[in-house]
Amino acid sequence: MEKLIKLLDWGGEDEVLSSQELNEPHKAVLSRTVAGVIDIALAAAQNQKPVYWVGGIESYRTEELEDLYWFSVDMSQNIQNSRLLHDYKNYDEYCRIAKATEDIEMMQSIRLLDRYFPFPQNLEKMRTFAVTDENKANLTVSTAHRAKGLEWLVVVLNNDFPDLFDPKLTELDRRDEINLLYVAATRARRKLVINEIIENVLINQRKKDKEEKKDLEVHSLEDGLHEDA
């Protein structure tokens, strides 16, 4: 956690902002999941904004989400990859397993199908707004993993990163997630728009600092009373 807190103590002209809509000609949005990237691109397509995909749109396997949609409406004849049919009896089983395992990618995919119905039409519209020249895009999208080594003037962190305070996270997983979030946050050269995850880290840190200050004041008062006695 200290790594994330220190990163927000930037100097110079760098800005760290809370979640908000930026009035910028171009920004990069970094996500934890592939489904999170697709979510951002789908929303951009609704607003007719051209999107540049780091690594190319084809590398994000959008057809897998389309297969999941056909699976959800019992139209298996439209599925391109039969893996879903082999791995799950039906869509209800897919949803049950996603919920039981709390798989972040699966849960995001389910939410996308609900949010962008009818999904194939929205997906096709999203593809028409994908551009191969980043200079012609209003938005750059990428996973945090793919963004390693890259930088943008303005970076927005998506809210699909896991809760760092989740007690079900192992210490190893928590450390890995902190490191990945740190990598994503440090891709910004001028402005960073933090997500709810980092906001929660800051809230908890402020609470901790307040409690430590209160304890210090109590100890100082007790020391003063002892001296007077």
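**Reading rings and helices**

Me: In this predicted model, tyrosine 69 is buried, as is tryptophan 70. How is a pair of aromatic rings described?

Reply: Two values do the job: the distance of the centres and the angle of the planes. With centres within 6.5 Å as the rule for a pair, the count here is five aromatic pairs. In one of them, the ring centres of tyrosine 69 and tryptophan 70 are 5.0 Å apart and the planes meet at 70°, so this pair is edge-to-face.

Me: And which kind of pair do the rings of tyrosine 69 and phenylalanine 117 make?

Reply: Their centres are 6.2 Å apart with the planes at 50°, so the pair is tilted. Tyrosine 69 belongs to helix α3 (residues 62–72) and phenylalanine 117 to the loop between α6 (104–115) and α7, so the pair ties together parts 48 residues apart in sequence. Ring pairs also join Tyr69, Trp70 and Phe117 into a cluster.

Me: Is phenylalanine 117 buried or exposed?

Reply: Go by the relative accessible area, with under 20% for buried and over 50% for exposed. Phenylalanine 117 has 58%, so it is exposed, whereas tyrosine 69 has 10% and is therefore buried.

Me: What joins phenylalanine 117 and proline 118?

Reply: A cis peptide bond, with omega at about -5°. Proline 118 is in the loop between α6 and α7.

Me: Now to helices. How are two packed helices described?

Reply: By the angle between their axes and the distance between those axes. Here helix α2 (residues 34–46) packs with helix α7 (residues 119–128) at about 80°, and the axes are 9 Å apart. Since 65 to 115 degrees counts as roughly perpendicular, that is the word for α2 and α7.

Me: Which residues make the contact?

Reply: From α2 they are Ile38, Ala41, Leu42, Ala45 and Gln46, and from α7 they are Phe119, Asn122, Leu123, Lys125 and Met126. Sorted by type, the residues of this contact are seven nonpolar, two polar and one charged.

Me: Where is glutamine 48 found, and what is its phi?

Reply: Glutamine 48 is in the loop between α2 and β3 (51–53). Its phi is near 60°, a positive value in a residue other than glycine. With a relative accessible area of 57%, glutamine 48 is exposed. Aspartate 74 also has a positive phi, near 55°, and its place is in the loop between α3 and α4 (83–87). Aspartate 74 is exposed, at 66%.

Me: One last item: what sits over the ring of tyrosine 60?

Reply: The charged end of arginine 146, 4.7 Å from the ring centre.

Technical notes:
Residues numbered from 1 in each chain as written. Predicted model: local features only at pLDDT ≥ 70, side-chain atom pairs only at ≥ 80, totals over all residues. Heavy atoms only, no water. Axes fitted to C-alpha atoms, helices over the stretch in contact; angles between N-to-C directions. Helix = DSSP H or I, 4+ residues; strand = E, 2+ residues; numbered from the N terminus. Parallel < 35°, antiparallel > 145°, perpendicular 65-115°, else oblique. Contact = heavy atoms within 4.5 Å. Nonpolar A, V, L, I, M, F, W, Y, C, P; charged D, E, K, R; others polar. Phe/Tyr/Trp six-rings, centres within 6.5 Å; stacked < 30°, edge-to-face > 60°. Buried < 20%, exposed > 50% of the residue type's maximum accessible area, 1.4 Å probe, protein only. Lys NZ or Arg CZ within 6 Å of the ring centre and 35° of its normal.
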